[in-house]
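Me: I'm new to this one, so could you walk me through it with a few questions and answers?

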Amino acid sequence: VGASLGLLLVFRTNSSYDRFWEGRKLWGGIVNETRNLARQSSVWLQSDQNLANEVIRWTIGYATGTKNLLRGKREIGSVESQLPVADVDAVLRSHHIPLATLQKITDLLLRARQRGLIDSQQLQSLDNNIQLLMDCCGACERIRSTPMPYAYTVHLRRALIVYRSEERRVGKEC
């Protein structure tokens with residue numbers, strides 16, 4: 001009984017660590033891509049500093065909104081007070097806050113392209129960052145929503161029940 005319980009615990013520990021490590025890599029990707037998006041925006045949109053700052057604030061809102069989505073909360077953090085109230089309300093009413101923040105960023109970048117502040121290649125580069133951010137968010141949601149395999153849960157329960165009954169039997173003999 002002890003050996004099977006040990007194997008199950010090792011399996012669970014390894015699975016937990018794998019999920020932790022994948023989540024850590026994904027969050028690192030979010031950090032890097034938000035930095036890249038902010039860096040590119042601040043340089044390429046420097047002729048309209050207000051627009052560049054708004055893109056950067058929404059990028060911060062995306063990261064905070066993703067963190068809060070994974071924790072079951074619906075907010076984009078302290079940056080809310082620095083963004084247009086109507087836009088923040090629309091994002092917070094949306095079904096998926098990180099997606100809504102990225103849509104807002106895309107809208108701002110499209111307006112910058114239409115005004116001639118960035119060219120098509122710059123827009124494509126910025127959009128690639130946005131796509132990577134959405135991919136990372138989706139992968140984090142997958143990790144969060146993937147339950148423990150049913151068969152593993154059943155085996156673990158059985159092993160614990162057998163272990164406890166064996167423990168009681170040995171305790172009575174002593």
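**A tour of the predicted model**

In this predicted model, Ile97, Pro98, Ala100, Thr101, Leu102, Lys104, Ile105, Leu108, Leu109 and Ala112 are the buried residues of α4.

Me: What distance separates the end C-alpha atoms of helix α4?
Reply: Happy to help! Helix α4 runs over residues 97-114, which makes 18 residues. At 1.5 Å a residue they should span 26 Å, and the model agrees with this, because the end C-alpha atoms are separated by 26 Å.

Me: Which residue with a positive phi follows α4?
Reply: Just after α4 the phi angle takes a value near 80°. The residue with this positive phi is glycine 116.

Me: Which helix gives the most to the largest nonpolar core?
Reply: This core has 31 residues, and Leu45, Trp58, Ile76, Ile105 and Leu109 have the most contacts inside it. At least two residues come from each of α1, α2, α3, α4 and α5. With eight residues, the helix that gives the most is α5.

Me: Which residue of α4 does leucine 45 touch, besides Ala112?
Reply: Leaving out residues up to four places away in sequence, leucine 45 touches Gln40, Leu51, Ala52 and Val55, along with Leu117 and Ile118. Both Ala112 and Leu109 are buried in α4. Besides Ala112, leucine 45 touches Leu109.

Me: Is asparagine 36 buried, exposed or partly exposed?
Reply: Asparagine 36 sits in helix α1, residues 2-44. Its C-alpha atom is separated by 7.3 Å from that of asparagine 129, though the two are 93 residues apart along the chain. Because its relative accessibility is 25%, asparagine 36 counts as partly exposed.

Definitions and conventions:
Residues are numbered from 1 along each chain as its sequence is written. This is a predicted model: local features need pLDDT of at least 70, side-chain atom pairs count only at pLDDT 80 or more; totals for chains, interfaces and linings use all residues. Side-chain values use heavy atoms; hydrogens and water are left out. Helices (H or I, at least four residues) and strands (E, at least two) are DSSP runs, numbered from the N terminus. Buried means under 20% relative accessible area, exposed over 50%, partly exposed in between (1.4 Å probe, protein chains only). The expected span of a helix is 1.5 Å times one less than its number of residues. A nonpolar core is a set of buried Ala, Val, Leu, Ile, Met, Phe, Trp, Tyr and Cys residues joined through side-chain atoms within 4.5 Å. Contact means heavy atoms within 4.5 Å.
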